[in-house]
Amino acid sequence: MKQSEMLIPTFKEVPADAEIKSHQLLVRAGFIRQTASGVYSFLPLGKKVLRKVEDIVRQEMDQTGANEMVMPAMQPAELWKETGRWNNFGPELMRLNDRHDREFALGATHEEVITSIVRDEIKSYKRLPLTVYQIQTKFRDEKRPRFGLLRGREFIMKDAYSFHDSYDSLDNTYQRIFDAYSTIFQRCGLNFRAVIADSGAMGGKDTHEFMVLSEVGEDTIAYSDSSDYAANVEMAPVIADYQKSQESEEPLQLVETPNQKTMQDVAEFLNHPLEKGLKALMFKVDDRLVLVVTRGDHEVNDIKLKNLFKAESVELATEEETKAAAGAGFGSLGPIGIAEGIDIVADNAVEYTTNVSCGANKDGFHYLNANQGRDFTIDTYADLRFIKEGDPSPDGVGKIQFAKGIEVGHVFKLGSFYAERMGASILNDQGKSQTMVMGSYGIGVSRTLAAIVEQHHDEDGMVWPANIAPFQVHLLAMNMKKDDQKQLAEKLYHSLSQAGIEVLFDDRKERAGVKFADSDLIGIPLRITVGKRAEEGIVEVKHRTGADKTELHESELLEQIK
Ligand code: ATP
Ligand code: MG
Ligand code: MG
Ligand code: MG
């Protein structure tokens with residue numbers, strides 16, 4: 001394309017409101033413009049690179065057998081009320097009313113919409129598994145929109161949802177999509193780690209985030225210097241494996257503890273609904289240790305607990321007691337758990353978590369005398385809040401290091417959280433009705449774009465990996481007023497284009513200095529300059545990253561750069 005015909009408004013100054021490189025460079029190079037806080041327009045070059053990322057995502061998702069579709073941004077409140085998220089999602093959900101005063105949400109995510117479609121259309125196990133995805137605009141009224149495309153209030157996400165008749169089937173799809181994500185981020189030229197993430201209130205043991213290593217990342221990850229182990233330090237330890245108890249000589253005993261309150265009671269008592277973002281605190285209530293799960297911003301105080309448990313004394317457990325409890329079988333930050341001698345406030349809203357964790361079940365039961373090691377194992381045994389750099393990695397291989405990460409992707413085994421609330425069920429092979437099992441898988445497409453720039457730039461501008469670059473070749477005519485230069489440049493523009501090479505032709509009547517500076521800023525991998533030796537048919541070739549300039553005759557050019 002001809003640069004003279006394109007909207008590429010570049011400038012030199014660092015924009016005052018842009019704190020990080022990707023934000024500064026994408027604005028300076030004319031890829032994006034802010035329309036409102038956290039809301040961006042993609043100008044032509046921005047749109048091109050966005051599409052490159054989208055195409056990679058699309059190709060790899062298609063490979064997994066997922067089907068592309070597109071769902072509405074505008075979603076009726078009724079759907080969100082079915083799952084309780086109309087209240088629980090909080091102020092991040094953008095809401096609006098239509099002229100009849102009906103309530104709507106702008107899609108922050110699409111579990112409700114897709115589950116409502118699938119529950120109406122799929123009635124038999126024979127139609128499962130099914131995975132669908134879309135690449136679409138999402139809305140989240142972030143408290144602190146910042147860092148340009150990294151944290152927007154309107155942004156582009158690839159979101160996928162899978163539906164299953166069994167956890168085995170979910171495991172399968174999860175692994176396939178996990179692998180596809182690894183390929184996607186490799187093709188984007190990113191240095192990343194897949195980390196074990198916090199499943200919060202909705203998940204089981206399996207949820208991973210894909211973290212691009214970067215100083216500007218808002219997450220901290222702990223990883224082993226000599227194995228694949230990596231985890232978000234936010235995450236709670238997770239009880240991973242209950243298989244052993246089937247074989248153990250003393251089978252676990254499920255007992256009901258009449259005076260034990262369920263999580264629902266706690267939630268109701270604390271007047272706070274159960275949802276993602278739950279936090280847990282350890283208390284000593286009389287002589288028992290009690291795990292209380294609540295939202296991080298909600299205050300749990302001893303008076304409330306005293307009343308709730310009709311206890312004599314209540315105090316916050318010490319760090320040591322909390323640590324011991326975490327080691328003994330449940331995370332001090334997770335809404336799950338079993339352990340010897342510890343009463344558990346069961347989270348009865350977390351079907352899948354309790355399923356895999358063998359923790360307290362829906363009705364407030366718990367297991368007696370369960371022992372870590374004998375009856376269950378813990379995936380990330382240590383509570384990462386207590387880990388220091390250089391400590392042994394929880395997987396036993398290597399030492400722990402810390403790094404900052406940008407969350408570009410997230411895969412999640414949802415279990416039947418949504419399907420149950422929305423009545424998505426199928427008839428299984430026995431002809432019995434059964435709730436579906438689901439997974440969800442997100443990639444921040446626009447955030448990925450910014451993460452690429454964070455990892456690929458120098459002091460002169462962006463340095464696009466070839467897979468993502470808006471064009472492969474930047475063709476510069478140093479002086480368009482000189483006929484020989486103009487003619488040769490135009491000829492090359494046509495021959496390169498015809499050979500299927502994406503060329504940006506700087507045919508503007510600008511000074512050479514301006515063109516070179518813009519070219520470095522925009523960061524196309526290969527620059528071809530038509531200058532003084534145009535008459536002889538000689539051009540200069542330079543890679544964006546290298547200092548070397550090579551002179552070539554135009555006749556050799558195609559051969560050399562293909
Ligand atoms: P974060 O922890 O950064 O707020 P999240 O965990 O809330 O992200 P998810 O619900 O997991 O986000 O959404 C899937 C993906 O969408 C994320 O992994 C991220 O790449 C992207 N994403 C989420 N919020 C934003 C945002 N405000 N701007 C750009 N991308 C986002
Ligand atoms: Mg978020
Ligand atoms: Mg997150
Ligand atoms: Mg996430």
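Gly415 stands opposite Met438 in strand E24, and I would like to start from that pair, in what is a predicted model, because it belongs to a ladder in which E21 and E24 pair in the antiparallel sense over 6 bridges. Strand E21 covers residues 400-415 and strand E24 covers 437-444, if you want to follow along in the structure above.

Let me stay with E21 for a moment, since several other strands bring us back to it. Strand E10, residues 207-213, pairs with E21 in the antiparallel sense over 7 bridges, and within E21 the bridge partner of Phe210 is Gly409. Strand E11, which runs over residues 219-224, also pairs with E21 in the antiparallel sense, here over 6 bridges, and in that pairing Ala222 stands opposite Phe402 of E21.

That brings me to the ligand. Which elements each supply at least two residues of the shell around ligand 1? They are strand E8 (154-164), strand E21, strand E24 and helix H13, the last spanning 445-455. The largest share of that shell, 4 residues, comes from E21, the strand that I have just described as pairing with E24. In total 15 residues surround ligand 1, and the closest are Phe155, His410, Gly442, Gly444 and Arg447. As for the character of the shell around ligand 1, its residues divide into 3 nonpolar, 7 polar and 5 charged.

Helix H13 has a further role in the picture, as a packing partner. Helix H1, residues 21-28, packs with H13 at an angle of about 100°, their axes lying 8 Å apart, and the two helices are therefore roughly perpendicular to each other. On the H1 side the residues that take part are Lys21, Ser22, Leu25 and Leu26, and they meet Ala450, Val453 and Glu454 in H13. The residues of this contact divide into 4 nonpolar, 1 polar and 2 charged.

Just ahead of that helix there is a residue worth a short detour. Ile20 has its place in the segment before H1, and it counts as partly exposed, with 17 C-beta neighbours inside 10 Å. Which residues is Ile20 in contact with, leaving aside its neighbours within four places in sequence? With that exclusion, the contacts of Ile20 are with Phe147 and Val216. By contrast, Ile20 and Lys123, which are 103 residues apart in sequence, lie 49 Å apart in space, C-alpha to C-alpha.

Phe147 leads me to the backbone. Most residues other than glycine have a negative phi, and most peptide bonds are trans, so I will go through the exceptions that I have picked out. Phi of Phe147 is near 60°, a positive value in a residue other than glycine, and Phe147 lies in the loop between E7 and E8. Is Phe147 buried or exposed? Phe147 counts as buried, because 22 C-beta neighbours lie inside 10 Å. Asp101 also has a positive phi, near 70°, again in a residue other than glycine, but Asp101 is exposed, with 6 other C-beta atoms within 10 Å. There is also a cis peptide bond, from Leu128 to Pro129, with omega near 0°, and Pro129 lies in the loop between helix H5 (111-121) and strand E7 (130-139).

The place of Asp101 is in the loop between E5 and E6, and these two strands belong to an open sheet of 3 strands, in the order E4-E6-E5, with antiparallel pairing. Strand E4 (74-76) and strand E5 (94-97) stand at the edges, each with a single partner strand, so one side of each is left without a neighbour in the sheet. From one strand to the next the twist averages 35°. E5 pairs with strand E6, residues 103-106, in the antiparallel sense over 4 bridges, and Asn97 stands opposite Glu103 in E6.

Let me finish with the chain as a whole. The chain has 16 helices and 31 strands, and of its 562 residues 45% count as buried. Among the contacts in the chain with a separation of 6 or more, 70% are accounted for by residues 24 or more positions apart.

Terms used:
Residues are numbered from 1 along each chain as its sequence is written. Chains are lettered from A and ligands numbered from 1 in the order in which they are written. This is a predicted model: local features need pLDDT of at least 70, side-chain atom pairs count only at pLDDT 80 or more; totals for chains, interfaces and linings use all residues. A residue is near a molecule or strand if its C-beta atom, placed from the backbone, lies within 6 Å of it. Ala, Val, Leu, Ile, Met, Phe, Trp, Tyr, Cys and Pro count as nonpolar, Asp, Glu, Lys and Arg as charged, and the others, Gly among them, as polar. Axes are lines fitted to C-alpha atoms, for helices over the stretch in contact, and angles run from 0 to 180 degrees between N-to-C directions. A residue is buried if 20 or more other C-beta atoms lie within 10 Å of its own, exposed if 12 or fewer, and partly exposed in between; C-beta atoms are placed from the backbone. Two residues are in contact if their C-beta atoms, placed from the backbone, lie within 7 Å. Angles under 35 degrees count as roughly parallel, over 145 as roughly antiparallel, 65 to 115 as roughly perpendicular and the rest as oblique.
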